[in-house]
2 protein chains.
Amino acid sequence: VNPGPLPSALEWEGGIPGTLLLLDQTLLPDEERRLRIDRVAPLIEAIQRLAVRGAPALGCAGAYGAVLAAQSLQGEPASSRLARLEESAARLAAARPTAVNLARGVERILVRARALSAAAGDPPGGWARELLDEARAFHREDEVTCRAIGRNGAALLSERPAILTHCNAGALATGGAGTALAVVYAARDSGRQVSVFANETRPLLQGARLTAWELQRAGIPVTLEVDAAAGALLASGRVDAVVVGADRIAANGDVANKIGTYPLAVLAREHGVPFYVAAPLTTIDATCPDGGAIPVEQRPPEEVLEAAGRRFAPPGVPAWNPAFDVTPARLVTALITEAGVVRAPDRAAIAALLAGRPAGGPAPLARQTPTSSG
Amino acid sequence: VNPGPLPSALEWEGGIPGTLLLLDQTLLPDEERRLRIDRVAPLIEAIQRLAVRGAPALGCAGAYGAVLAAQSLQGEPASSRLARLEESAARLAAARPTAVNLARGVERILVRARALSAAAGDPPGGWARELLDEARAFHREDEVTCRAIGRNGAALLSERPAILTHCNAGALATGGAGTALAVVYAARDSGRQVSVFANETRPLLQGARLTAWELQRAGIPVTLEVDAAAGALLASGRVDAVVVGADRIAANGDVANKIGTYPLAVLAREHGVPFYVAAPLTTIDATCPDGGAIPVEQRPPEEVLEAAGRRFAPPGVPAWNPAFDVTPARLVTALITEAGVVRAPDRAAIAALLAGRPAGGPAPLARQTPTSSG
């Protein structure tokens, strides 16, 4: 297998003025089309219809989106443009409620914009150019973070690991190689024979449409199953580890992720299979005390009443369609971050991680990383 | 609400010669079309593509199918027709492997045919006519059984029960009012305000297409959700009981049912919600020692790669598609049968049930039935 490069969910084209190119993930795997976005309003629309999705990718989209707003304010007087940027940024940050990364990406640009406003005069390259540099740095950091998550996670796996994953936490969900799938890619790159079982992930079928496409392209063996088959699959003994991403992690380690993640965590524990959450530190929201405080987006019932664009339920039947569920920290075997692996995450371990200290002792985080999952 | 009559999955039209009418469930809810079947080969085809499905309905289809075979053998010499009937019956009984009821329905007619062959001369109405009477009796018994299951199950429920169910274990799955849904209908008929959460049941969407249609028609409030949302739903505290049907129950109480049933049982226990299996005694296979001995049908991968007739997965990606999973008896709060309710079913309780004795004591089964689910 000679894998191609990983797909890129989004990139900035040009300088200032420039354009945000988004791979329209609603069209995959049938069509690889890039949306050209140069204003905040169509970006919000693209985010809401999930043309771009995945917590870290939403972070990058938020940062670049704030640059789009700044770019359109280049002609404004310096005295008013920060306030107008803050307005656009607030709308953008609220486009989807659950993933904390979207607001984080937006905020990163705002912090820089506020600092620039406090200084006397524009920087030599111009205000928006400076903010674009910040967004690009944020994007590059995400790439580096994904690689580190991959390395840290791969160290937990056996020599021929079969991984069960849910939704898409791959290159398509980040500015880099993914979170859960970065672990898969890193395992392959370290010489392991890794294979993946992908839950199709109803209602929007991100597993079938995105994860299967991305892994097939990368030359990783992937098998699809319906979400409800995960119980039988885990009971069959064929899964060595469940690895998923996260949209928001509360201060106590509770994890909000795509609807259907929580049942996997319960079933993994039932069968003694490790349940790993792979996510960057930016996904941790220290202001959320626990999972109950994480807002869970309710999406339109039509997503449940249809599949692949065809309606099959009888007219008039209502549907319940939360986009995410919450997995209690006690079900998480380990949290895989760029800063290291936290086994049995809890409030103290998360606080230590955010403070740059290893949980439970003075050893550097790298020394805590086990070399096999057992 | 003024509910209409329940839909009928199958009925025999005429005498001998006659025709088996099957409601083509693959077309629901868009179209109510009845297939007219007068030979065994097209009946096997209809069973395999799930035009008729559900363990008790397959039992009735098996019985009527054996009559179709007998009817086509009316002109044969009495000396050879039994052997030819046995041949057709064996093909029919093997059309699907998991539900034991299909083979049971076929066998019921064979037993009668063997008895007739042992007697001197044909009965006054003719050989096939006598077998049709037997099939009709089998069908009527299923109706009576469904009503008894409903009554016994309804007695377990609270005054305003919210039921979570999977797949379709309703009128469409039986020769009567259903198994799991018979419990819902009986609860309504006894004055309770019952409502249902229906898992859509990928890959073939029997929950969205059949259960939603059947319940809506009957005036029972029903809400659909994707199968993977059941964890969040149970965690939310909105479900009072999970009630499902069964395709085969082993001698130790292990239950084979539609893929996705087992995760519900694990999640129900996690949240202290009772998990009930509603099934006729004919679903119990005393020759199967435990769930590991139940054959689980593997269905075509295309069912997973498509939904509602549209393909969405990338070409070349394989899928794993078991039609059923096995729920260990220890996760079953109670088995609801026509002969009574068996709490915490195990080998001894199942043996006692089949022997017509209540489990654990001399009290009649009716006295064992609790009046509330707690």
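## How far to trust the model

pLDDT is the predictor's confidence in each residue, on a scale from 0 to 100. What you're looking at is a predicted model, and in chain A the pLDDT averages 93, with 94% of the residues scoring at least 70. One stretch lets the side down: across residues 359–374 of chain A the pLDDT is below 50. Leaving aside near neighbours in sequence, that stretch still has 25 contacts in the model. Where pLDDT is low, though, the predicted coordinates shouldn't be read in detail.

There are scores for the complex too. The predictor gives it an ipTM of 0.93 and a pTM of 0.93.

## The build of chain A

Chain A is put together from 12 helices and 16 strands. Its radius of gyration is 20 Å, close to the 21 Å that the globule rule gives for 374 residues, so chain A is as compact as a globular protein of that length. If you want to picture a box around the C-alpha atoms, taken along the principal axes, it is roughly 65 × 60 × 45 Å.

How does the chain connect with itself, and what share of its contacts join residues at least 24 apart? Take the contacts in chain A between residues at least 6 apart in sequence: 75% of them join residues at least 24 apart.

## Inside, outside and charge

Of the 374 residues in chain A, 61% are buried. On the outside, chain A exposes about 13100 Å², and carbon and sulfur atoms supply 52% of that area.

Now for the charges. Chain A carries 37 positive and 38 negative side chains. The centres of these two sets lie 2 Å apart.

## Two residues to look up

Start with A:Ala103, which sits in helix α4 of chain A, a helix covering residues 100–118. Is A:Ala103 buried or exposed? Its relative accessible area is 35%, and because partly exposed covers the range between 20% and 50%, A:Ala103 counts as partly exposed. Try finding A:Ala323 as well: A:Ala103 and A:Ala323 are 220 residues apart in sequence, and their C-alpha atoms are 18 Å apart in space.

Then hop over to chain B. B:Gly340 is part of strand β16, which runs over residues 340–343 of that chain. With a relative accessibility of 3%, B:Gly340 counts as buried, since buried means under 20%. From B:Gly340 to B:Ala268 there are 72 residues in sequence and 22 Å in space, C-alpha to C-alpha.

Methods
Residues are numbered from 1 along each chain as its sequence is written. Chains are lettered from A and ligands numbered from 1 in the order in which they are written. This is a predicted model: local features need pLDDT of at least 70, side-chain atom pairs count only at pLDDT 80 or more; totals for chains, interfaces and linings use all residues. Side-chain values use heavy atoms; hydrogens and water are left out. Contact means heavy atoms within 4.5 Å. Helices (H or I, at least four residues) and strands (E, at least two) are DSSP runs, numbered from the N terminus. The radius of gyration is taken over C-alpha atoms; the globule rule is 2.2 Å times the number of residues to the power 0.38. Buried means under 20% relative accessible area, exposed over 50%, partly exposed in between (1.4 Å probe, protein chains only). Accessible areas come from the Shrake-Rupley method with a 1.4 Å probe; for residues, only the protein chains shown count as cover. Lys and Arg count as positive and Asp and Glu as negative; His and the chain ends are not counted. The place of a charge is taken as NZ of Lys, CZ of Arg, CG of Asp or CD of Glu.
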